[in-house]
Amino acid sequence: MKQDENPFQEEDKIFAWKQPLKKDAYEPEEIMHRDEEIKLYTNSLQDIVEGHEPNNVFVYGPTGVGKTAVTKWMREKLEEEARKRDVPLSIVGPINCRHYKTAYRLVTAIVNDLRSEEEQIAQSGHSTDRVFQFLYEEIESMGGNVLLILDEIDNIPPDARNDFLYDLPRAEANEDTPIDDAKVGLIGISNDLKFVDTLEPKVKSTLGEREIEFGPYDANQLRDILTYYADLSFEDGVLEEEVVPLAAAFAAQERGDVRQGLRILEKAGEYARMEGSATVTEANVRKATENIETDEILDYFEDKLSIQQGLSYISATLMVIEPQKEARTKHIYNLYTKLAATIGADEVSERKFYEFLDQLCMLGLARSTERNLGRKGGRTYIYEVTDDPEDIIRACEQEDRLSKVLPSNVYDILEHYQKGQATSYQAPDGTDPEQRDLFKFG
Ligand SMILES: Nc1ncnc2c1ncn2[C@@H]1O[C@H](COP(=O)(O)OP(=O)(O)OP(=O)(O)O)[C@@H](O)[C@H]1O
Ligand SMILES: [Mg+2]
């Protein structure tokens with residue numbers, strides 16, 4: 001490129017406004033396809049506007065299905081109604097627990113949010129009990145109904161769990177707290193169902209007084225929602241007809257997650273812009289999807305899965321593409337032990353390993369179906385991976401430690417699998433004793 005040339009395009013002809021496509025950067029004015037959930041939500045919060053005490057509400061469901069968006073929308077409507085009826089109500093949050101590692105930090109953040117510039121408390125220097133005391137005082141001084149919304153509560157600092165999820169909602173009845181007049185309600189939001197099981201029973205029943213489940217969206221619903229965002233974000237007429245339906249179909253096939261659909265649209269638009277094309281095409285969407293999936297899986301490998309879970313995931317994937325064997329639990333475990341040995345990781349018991357497979361299912365990365373073993377008796381589970389095995393393998397290749405467990409001919413195996421051709425399985429690299437040993441499945 002010459003000195004007098006400028007590589008930036010004069011004008012972006014694809015995007016009008018990118019913000020709505022960005023992660024959690026835009027609040028929609030309209031909520032689509034959540035009427036049922038909104039009805040349940042409204043019913044749980046109706047007591048407040050009627051002048052009764054607030055209920056505690058637990059909102060759960062997988063990622064990107066509108067839990068936070070609907071909650072923010074409900075908050076607005078509730079405030080509006082309370083104002084209209086003259087019901088005293090203060091709403092705090094949603095506060096995202098993921099941003100606070102300790103109870104101290106979380107509580108300080110809330111208190112400071114409620115206090116004026118001059119009265120802020122320091123990031124350290126008090127005891128945790130003391131900062132909770134400050135919080136209670138703030139709540140009492142607000143008086144009336146106080147609704148506290150905690151988002152991603154599976155990330156709540158462990159030392160804050162009982163205080164927030166149990167003590168606070170019943171503080172009014174407790175003589176030892178400064179809260180006498182204020183009535184506290186809690187809304188907790190989570191995409192981790194296991195989280196509830198980790199709670200003590202008393203905490204669980206406090207939080208779960210009212211539960212609202214958000215399920216994944218189907219392709220039609222995603223198409224409507226993505227159209228709403230696409231209209232805001234893209235210049236008129238640049239999207240070819242198939243673009244949004246295709247992005248919606250991809251996202252529906254996976255987790256029914258709007259956020260993923262938005263990422264596909266943004267990436268596809270960027271490819272079109274890079275090509276200097278006047279329109280975003282179906283091919284742009286396909287390319288975007290492939291890269292996004294690999295990136296997302298890599299994200300799991302690097303951030304969300306332990307090395308053991310990662311090994312389980314890759315064992316299941318290799319077993320799925322292995323032409324001669326079904327991905328039964330037992331087969332996957334056998335392979336897992338070999339893979340663990342190659343990278344010198346601990347080898348867990350079979351029972352523990354099944355827990356890992358369960359967790360993968362819980363995260364939406366795998367699915368299992370139960371199968372009777374015929375005359376021999378007994379039952380087994382057959383596993384599938386939800387993402388395309390090729391994307392999983394590409395992601396695994398990019399992860400330092402785990403990349404070492406891939407057979408050297410993994411792409412050959414993959415190709416046979418993709419063509420639906422079972423072929424007699426060969427040790428990946430017959431001349432390499434380690435690989436030969438490793439990939440004698442079974
Ligand atoms: N029904 C809907 N109508 C309009 N926009 C929606 C709808 N559902 C989700 N969105 C949008 O999709 C994105 C993801 O939704 P949201 O952040 O509410 O997901 P979530 O369920 O809270 O996920 P997580 O568990 O990861 O926090 C947001 O940009 C949100 O505005
Ligand atoms: Mg959320």
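Colleague: Which residue offers a polar backbone atom to a nitrogen atom of ligand 1, and at what distance?

Modeller: This is a predicted model in which local features need pLDDT of at least 70, side-chain atom pairs count only at pLDDT 80 or more, and totals for chains, interfaces and linings use all residues. Residues are numbered from 1 along each chain as its sequence is written, chains are lettered from A and ligands numbered from 1 in the order in which they are written, and side-chain values use heavy atoms, with hydrogens and water left out. A polar contact is a pair of N or O atoms within 3.5 Å; within protein, one must be able to donate a hydrogen and the other to accept it, and residues adjacent in sequence count only if both atoms are side-chain atoms. The backbone atom belongs to Met32, at 2.6 Å from the ligand nitrogen.

Colleague: At what distances do polar side-chain atoms of Tyr217 and Tyr229 lie from ligand 1?

Modeller: Tyr217 places a polar side-chain atom 2.7 Å from a nitrogen atom of ligand 1. For Tyr229 the partner is an oxygen atom of ligand 1, and the distance is 2.8 Å.

Colleague: What percentage of the area that ligand 1 exposes when taken alone does the protein bury?

Modeller: Accessible areas come from the Shrake-Rupley method with a 1.4 Å probe; for residues, only the protein chains shown count as cover. Taken alone, ligand 1 exposes 630 Å², and the share buried by the protein is 96%.

Colleague: Which helix gives the largest share of the shell around ligand 1?

Modeller: The ligand is surrounded by 21 residues, where near means that a heavy atom of the residue lies within 4 Å. Helices (H or I, at least four residues) and strands (E, at least two) are DSSP runs, numbered from the N terminus. Two or more shell residues come from each of helix H2 (67-85), helix H8 (219-233) and helix H10 (258-274). The largest share, three residues, is that of H2.

Colleague: From which domains does the shell around ligand 1 draw at least three residues each?

Modeller: The protein chain is divided into domain 1 (30-213), domain 2 (217-301) and domain 3 (305-438), with bounds from an automatic or database domain assignment. The centres of domain 1 and domain 3, taken over C-alpha atoms, are 42 Å apart. The domains that each give at least three residues to the shell are domain 1 and domain 2.

Colleague: Which residue has its side chain joined to that of Lys18 by a polar contact of 2.9 Å?

Modeller: Lys18 lies in the segment before helix H1 (35-49) and counts as buried because its relative accessibility is 19%, buried being under 20% relative accessible area, exposed over 50% and partly exposed in between (1.4 Å probe, protein chains only). Leaving aside neighbours within four places in sequence, Lys18 is in contact (heavy atoms within 4.5 Å) with Ser233, Glu266, Glu270 and Arg273. The partner in question is found in helix H10 and, at 12% relative accessibility, also counts as buried. The 2.9 Å contact is made with Glu266.

Colleague: Is Asp86, which has a positive phi, buried or exposed?

Modeller: Most residues other than glycine have a negative phi, and most peptide bonds are trans. Asp86 has a phi of about 65° although it is not a glycine, and its place is in the loop between H2 and E2. With a relative accessible area of 69%, Asp86 is exposed.

Colleague: Which peptide bond is cis, with omega near 10°?

Modeller: The proline of this bond, Pro94, lies in strand E2 (residues 89-96). The cis bond runs from Gly93 to Pro94.
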